[in-house]
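Me: I'd like to walk through this model with you, a few questions at a time. Could you start with a term we will need?

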Amino acid sequence: MEKLIITAAICGAEVTKENNPAVPYTVEEIAREAESAYKAGASIIHLHVREDDGTPTQSKERFKECIDAILERCPDVIIQPSTGGAVGMTDDERLQPIELNPEMATLDCGTLNFGGDEIFVNTENTIKYFGKRMIERGIKPEIEVFDKGMIDYAIRFAKEGYILEPMHFDFVLGVQMAATARDLAFMVDSIPPGSTWTVAGIGRYEFPMAALGIVMGGHVRVGFEDNVYLSKGVLAKSNGELVEKVVRLAKELGREIATPDEAREILGLKKR
Ligand code: KMH
Ligand code: ZN
């Protein structure tokens, strides 16, 4: 089986220090958390950034500061900025980090309920606009899909020239769609041949989904954005602890961990 790519979603836009005091806000904290994940075995950092008080921002300048600080500590890591940002941001606000020409960025392929009254809006025009902008800049999208219909959107938009193939999907399970083995198998079975995939289980589903991703030949995302617990009732001290747990599972299950350059090879990325 191919080596395992571990993505660390170290910060997110919604999780706070009230949920776990180790959630990073400042540039220094973000760099510290990225380094802990990288040293533990993560080859991709899925990146959101915050103001010092924790407010989510998509500011290009703040992304640049954080990316520079991360690359100083983890020189070969793949940085994958979020273009999802936080609920309520405009398209152009969300797209700012792609102006830094990262190797990858997220492309959310549909609108969904995001808890309470929140709706994470990704209209067809938004998806096409983001897809085109990423093609122009040679950025590989990580296609975030929260249910099966979003895979169908991605396939349609690829046919229409808004997304290049082979596609790389991130199945985010436990937000809108349930996170069960049956659901994951359905998602894996629904993507075009030649695609790659990773799975992100939200909350208590993080490690069960990681274990399935490892044995099914996919890749795995963990991190504070998705889950702040190492085990039931035990807060993780760092993102690195969450990545270490995936590395332990992978070792037991016979999967080797990909370095950043091996991840680039698997995903067909152009190193910047
Ligand atoms: N914070 C969510 C509204 C992404 O990074 O592309 C969007 C999100 C998805 O986290
Ligand atoms: Zn995100």
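Reply: Happy to! A salt bridge here is a side-chain nitrogen of Lys or Arg within 4 Å of a carboxyl oxygen of Asp or Glu. Please keep in mind that this is a predicted model. A search of the whole structure with that rule gives 22 salt bridges.

Me: Which residue meets K17 in a salt bridge?

Reply: K17 sits in the loop between β1 and α1, and its partner lies twelve residues away, in helix α1 (residues 27-40). K17 is partly exposed, with a relative accessible area of 24%, whereas the partner is buried at 18%. The N to O distance is 3.2 Å, and the partner is E29.

Me: Which residue of helix α4 forms a salt bridge with E160?

Reply: E160 is in the loop between α5 (148-159) and β10 (168-173). At 41% relative accessibility, E160 counts as partly exposed. One of its salt bridges is with R156, with the closest N and O atoms 4.0 Å apart. The bridge to helix α4 (residues 124-137) links parts of the chain 32 residues apart, and the partner there is K128.

Me: Which residues are the protein donors of the zinc ion (ligand 2)?

Reply: The donors follow the spacing H-x1-H-x176-E along the chain. H48 lies in the loop between β2 (44-47) and β3 (49-50) and E225 in the loop between β12 (219-222) and β13 (229-231), so this pair ties together parts 177 residues apart in sequence. H48 is buried, with a relative accessible area of 4%. Lying 2.1 to 2.2 Å from the zinc ion, the protein donors are H46 (NE2), H48 (NE2) and E225 (OE).

Me: In β12, what is the bridge partner of T7?

Reply: Strand β1 (residues 6-9) pairs with β12 in the parallel sense over three bridges. Within β12, H219 and the partner we want point one way, V220 and V222 point the other way, and all are buried. The bridge partner of T7 is R221.

Me: And where does β11 fit in: which residue of β12 is the bridge partner of V199?

Reply: β11 (residues 196-201) pairs with β12 in the parallel sense over two bridges. Together with helix α7 (residues 206-216), these strands make a right-handed β-α-β unit. In β12, the partner of V199 is V220.

Me: How much accessible area do V215, M216 and L253 have together?

Reply: V215 is found in helix α7 and counts as partly exposed, at 43% relative accessibility. With M216 and L253, V215 forms a nonpolar patch on the surface. Their accessible area together is about 240 Å².

Note on methods:
Residues are numbered from 1 along each chain as its sequence is written. Chains are lettered from A and ligands numbered from 1 in the order in which they are written. This is a predicted model: local features need pLDDT of at least 70, side-chain atom pairs count only at pLDDT 80 or more; totals for chains, interfaces and linings use all residues. Side-chain values use heavy atoms; hydrogens and water are left out. Donors are N, O and S atoms within 2.8 Å of the metal (3.2 Å for Na, K and Ca); water is not among the atoms, so sites may look incomplete. Helices (H or I, at least four residues) and strands (E, at least two) are DSSP runs, numbered from the N terminus. Buried means under 20% relative accessible area, exposed over 50%, partly exposed in between (1.4 Å probe, protein chains only). Two strands pair if DSSP finds at least two bridges between them. A crossover is right-handed if, with the strands pointing away from the viewer, the path from the first strand over the helix to the second runs clockwise. Patches are made of residues with over 30% relative accessible area and no salt bridge: like charges are joined within 9 Å, nonpolar side chains (Val, Leu, Ile, Met, Phe, Trp, Tyr) within 5 Å. Accessible areas come from the Shrake-Rupley method with a 1.4 Å probe; for residues, only the protein chains shown count as cover.
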